[in-house]
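Take a look at the protein shown here. This report walks through its pockets, its cores and a few single residues.

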Amino acid sequence: MNFDRNKVEMVKKQYPVGTRIRLNSLCNDERDMPSGLCGTVIGVDDQPSLLMKWDNGRGLNLLPFADSFTVIQNEQQATPDEQLYEKLCQEQAAFRDELLELPPKEILDKAWEYLVREDILVAMEYNELDDEEAQALLDLPDTMSDLCGVVKEKDSRQQETIWHEIEERANVLAAAQQPMQEQSP
């Protein structure tokens with residue numbers, strides 16, 4: 001797919017993860033998407049469109065150059081931990097969509113990975129990382145795959161083990177970023 005990297009980067013800067021949006025109108029008719037509905041930006045894709053988590057539970061993307069919406073300035077942005085959870089949910093949804101395109105035999109081959117990913121979401125929902133750790137994980141290009149690889153090595157679905165592995169990976173990544181941050185002016 002052809003995309004304009006500069007346009008994507010511009011949209012990412014203008015609407016960072018955690019930005020709150022109030023919908024005015026969509027360029028096409030969508031059910032359950034009334035004017036005034038609010039949501040949170042959880043990412044930007046290559047179109048570029050805003051990946052959204054709407055307050056009504058929908059995940060419909062916004063087209064910043066076609067849809068009409070307002071950035072809500074006075075609402076507090078999501079914490080890095082909340083942003084991380086949203087990113088992981090989005091990555092899991094994309095993984096699920098990819099699975100549904102596969103033949104049944106290949107779906108069965110990836111069933112364990114799907115369950116591990118779901119367990120990671122549960123662990124993240126009921127626990128918190130500090131901002132530095134959460135940001136280190138947020139900076140990964142595919143956080144869910146990274147965490148899944150670490151957790152699958154332990155061959156355990158116990159929540160304590162999964163959470164321990166998430167914390168350990170976040171600590172390693174955050175520690176690796178420390179020297180780089182200290183060198184920055």
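Which elements each supply at least two residues of the lining of the second largest pocket? They are strand E3 (50-54) and helix H2. Keep in mind that this is a predicted model.

## Two pockets

Start with the second largest pocket. Its volume is about 210 Å³. It is lined by 13 residues, and those closest to its centre are Ile42, Lys53, Cys89, Gln90 and Ala93. H2 supplies the largest share of this lining, six residues.

Now turn to the largest pocket. Its volume is about 590 Å³. Here 19 residues form the lining, and Lys87, Glu91, Leu140, Pro141 and Asp142 lie nearest the centre. Three elements give two or more residues to it: strand E2 (38-44), helix H2 (80-100) and helix H5 (131-138). Of these, H2 gives the most, with seven residues.

The table sorts each lining by class.

| Pocket | Nonpolar | Polar | Charged |
|---|---|---|---|
| Largest pocket | eight residues | five residues | six residues |
| Second largest pocket | five residues | four residues | four residues |

## Lys87, a residue of the largest pocket

Lys87 is one of the residues nearest the centre of the largest pocket. It lies in helix H2. Is Lys87 buried or exposed? Lys87 is buried, because its relative accessible area is 14%, under the 20% cut-off. What does Lys87 touch, not counting residues up to four places away in sequence? Its partners are Leu137, Leu138, Leu140, Pro141 and Thr143. Two of these partners, Leu140 and Pro141, also lie nearest the centre of the largest pocket.

## Nonpolar cores

Next come the cores. The largest nonpolar core holds 23 residues. Which of them touch the most other members? They are Leu84, Leu88, Ile120, Met124, Leu129, Leu137 and Ile166. Several helices give two or more residues to this core: H2, H4 (111-126), H5, H6 (143-154) and H7 (159-183). H7 supplies the largest share, six residues.

Leu129 gives a view from inside this core. Leave aside its neighbours within four places in sequence. Leu129 is then in contact with Asp81, Leu84, Met124, Ala134, Leu137, Trp163, Ile166, Glu167 and Ala170.

Another core lies apart from this one. It has 15 residues, among them Val11, Leu26, Met33 and Leu50.

## Cysteines without a bond

A disulfide is a covalent bond between the sulfur atoms of two cysteines. How many disulfides does a search of the whole structure find? It finds zero.

Why is Cys38 not in one? The closest cysteine sulfur, in Cys27, is 19 Å from the sulfur of Cys38, so the two are too far apart for a bond. The cut-off for a disulfide is 2.5 Å between the sulfur atoms. Cys38 also counts as buried, at 12% relative accessibility.

Cys89 is in no disulfide either. Its nearest cysteine sulfur belongs to Cys148, 15 Å away. Cys89 counts as partly exposed, at 25% relative accessibility. Recall that Cys89 is one of the residues closest to the centre of the second largest pocket.

## Residues outside the helices and strands

Where is Ser49? Its place is the loop between E2 and E3. Ser49 is buried, because its relative accessible area is 1%. Apart from neighbours within four places in sequence, Ser49 is in contact with Gly43, Val44, Asn61, Leu62, Leu63 and Pro64.

Val17 also sits in a loop, the one between H1 and strand E1 (20-25). Is Val17 buried or partly exposed? With a relative accessible area of 29%, Val17 is partly exposed. Val17 and Asp81 are 64 residues apart along the chain, and their C-alpha atoms are separated by 12 Å. Asp81 is one of the contacts of Leu129.

Asp4 is found in the segment before helix H1 (5-14). It counts as partly exposed, at 43% relative accessibility. Asp4 and Val41 are 37 residues apart in sequence. In space, they are 20 Å apart, C-alpha to C-alpha.

How values were computed. Residues are numbered from 1 along each chain as its sequence is written. This is a predicted model: local features need pLDDT of at least 70, side-chain atom pairs count only at pLDDT 80 or more; totals for chains, interfaces and linings use all residues. Side-chain values use heavy atoms; hydrogens and water are left out. On a 1 Å grid over the protein atoms alone, a cavity is a set of points where a 1.4 Å probe fits but cannot get out, and a pocket is an open set with protein on both sides within 12 Å along at least five of seven lines; lining residues have an atom within 4 Å of a point. Grid points are joined across faces, edges and corners, and a volume is the space filled by probe spheres set on the points. Helices (H or I, at least four residues) and strands (E, at least two) are DSSP runs, numbered from the N terminus. Ala, Val, Leu, Ile, Met, Phe, Trp, Tyr, Cys and Pro count as nonpolar, Asp, Glu, Lys and Arg as charged, and the others, Gly among them, as polar. Buried means under 20% relative accessible area, exposed over 50%, partly exposed in between (1.4 Å probe, protein chains only). A nonpolar core is a set of buried Ala, Val, Leu, Ile, Met, Phe, Trp, Tyr and Cys residues joined through side-chain atoms within 4.5 Å. Contact means heavy atoms within 4.5 Å.
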